[in-house]
Amino acid sequence: MARFAFLSLALFSVQALIGGTLAADASEKAEETFEAPSLAVTAQAAFPASEIFGVKLVNGHPTQALVSFTNNEESAVTVNFIGGTLSTLDEESKLVRNLTATRYSVEVPAGETESLSYSFATEMHPQDLRLSLASVISDNEGRFFTVYAYNGTVSVVEPETSIFDPQIIFLYFFLLASFGGISYFFYTVWIAPYFPQKRKTAKPEGLKKPSATKKVETPVDSPAVSSATTYNADWIPAHHIARPEARKVKGTSRSKSRA
């Protein structure tokens, strides 16, 4: 339990000492009457993917640091924690943000070098800051030491944007739709009323468009007419035209009487 409490205190000291208190600690140690124990362990941090044109911390993307520990002690040491801070570049060196401390508990044998990966992410305004990385190392006697791995200037930048990014495409679509809506509203309110408008004549409901009538072809009489029917009946007397009535024949009765 006491060992865990001491580890927590050592971790807190990493974040408290890195942000610009190195000079004050050195002056306080110089005034002490006893010589503080030292540890023959060196640490060096590198940024393989971020230091092509200076160390750049891209917002929203993890920054990976490769911390190498070289143990020059006669016995093995243990790397317990790695943490860091971001501070301003002025003389006061104000603390801006504490980085997440990662626990490792990795043993480094005597005379050997061990590399550990430490990653962190930022979400800040683009600016130049001072990055400090430090580790808490313990020896075989259980004593804890703070070993600094990096102390330099870094740049916080925004990620590069692409025109094929879905968020950028949605932004372009939204801006285009908004511009189209505003343009249409401006046209209908301030421009369209000044143009002459065509008057529409109302058609009565009862009138309907006449439908196309089919032409009925009447049969033409044949010119061949019988010569018997082609005569003028005006000059013929009426008694000749009217048919005579049939008379009754009385011959049958006379024949009976003679008999």
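This short talk covers the overall make-up of the protein chain and then its salt bridges.

Good morning, colleagues. Please keep in mind throughout that the structure before you is a predicted model.

I shall begin with the secondary structure. The protein chain contains five helices and eight strands. Read from the N terminus, the order of these elements is α-α-β-β-β-β-β-β-β-β-α-α-α. In other words, two helices come before the eight strands, and three helices come after them.

Next, the contacts and the surface. Among contacts in the protein chain with a separation of 6 or more, 70% are between residues that lie 24 or more positions apart. The chain has 259 residues, of which 22% are buried. Its exposed area is about 20,500 Å², and 58% of that area is supplied by carbon and sulfur atoms.

I now turn to the charged side chains. How many salt bridges does the structure hold? There are three, and I shall take each in turn.

One of them pairs Glu92 with Lys94, where the closest N and O atoms are 3.8 Å apart. That distance qualifies because the cut-off for a salt bridge is 4 Å. As for the surroundings of this pair, Glu92 is exposed, at 59% relative accessibility. Lys94 is partly exposed, with a relative accessible area of 49%; this value does not count as exposed because that class requires over 50%.

Another salt bridge joins Arg143 to Asp139, with an N to O distance of 2.9 Å. Is Asp139 buried or exposed? Asp139 is buried, its relative accessible area being 11%; it is placed in that class because the value is under 20%. Its partner Arg143 is partly exposed, at 37%.

Arg143 also takes part in a salt bridge with Glu141, and here the closest N and O atoms lie 3.4 Å apart. Glu141 is exposed, with a relative accessible area of 59%. Which residues do the shared partners bring together? Asp139, Glu141 and Arg143 form one network of salt bridges. Within this network, then, Arg143 meets the buried Asp139 and the exposed Glu141.

To summarise, the predicted model shows a chain of five helices and eight strands. It holds three salt bridges, among them the pair of Glu92 and Lys94, and a network made up of Asp139, Glu141 and Arg143. Thank you for your attention.

Methods. Residues numbered from 1 in each chain as written. Predicted model: local features only at pLDDT ≥ 70, side-chain atom pairs only at ≥ 80, totals over all residues. Heavy atoms only, no water. Buried < 20%, exposed > 50% of the residue type's maximum accessible area, 1.4 Å probe, protein only. Helix = DSSP H or I, 4+ residues; strand = E, 2+ residues; numbered from the N terminus. Contact = heavy atoms within 4.5 Å. Areas by Shrake-Rupley, 256 points an atom, 1.4 Å probe, with all protein chains shown as cover.
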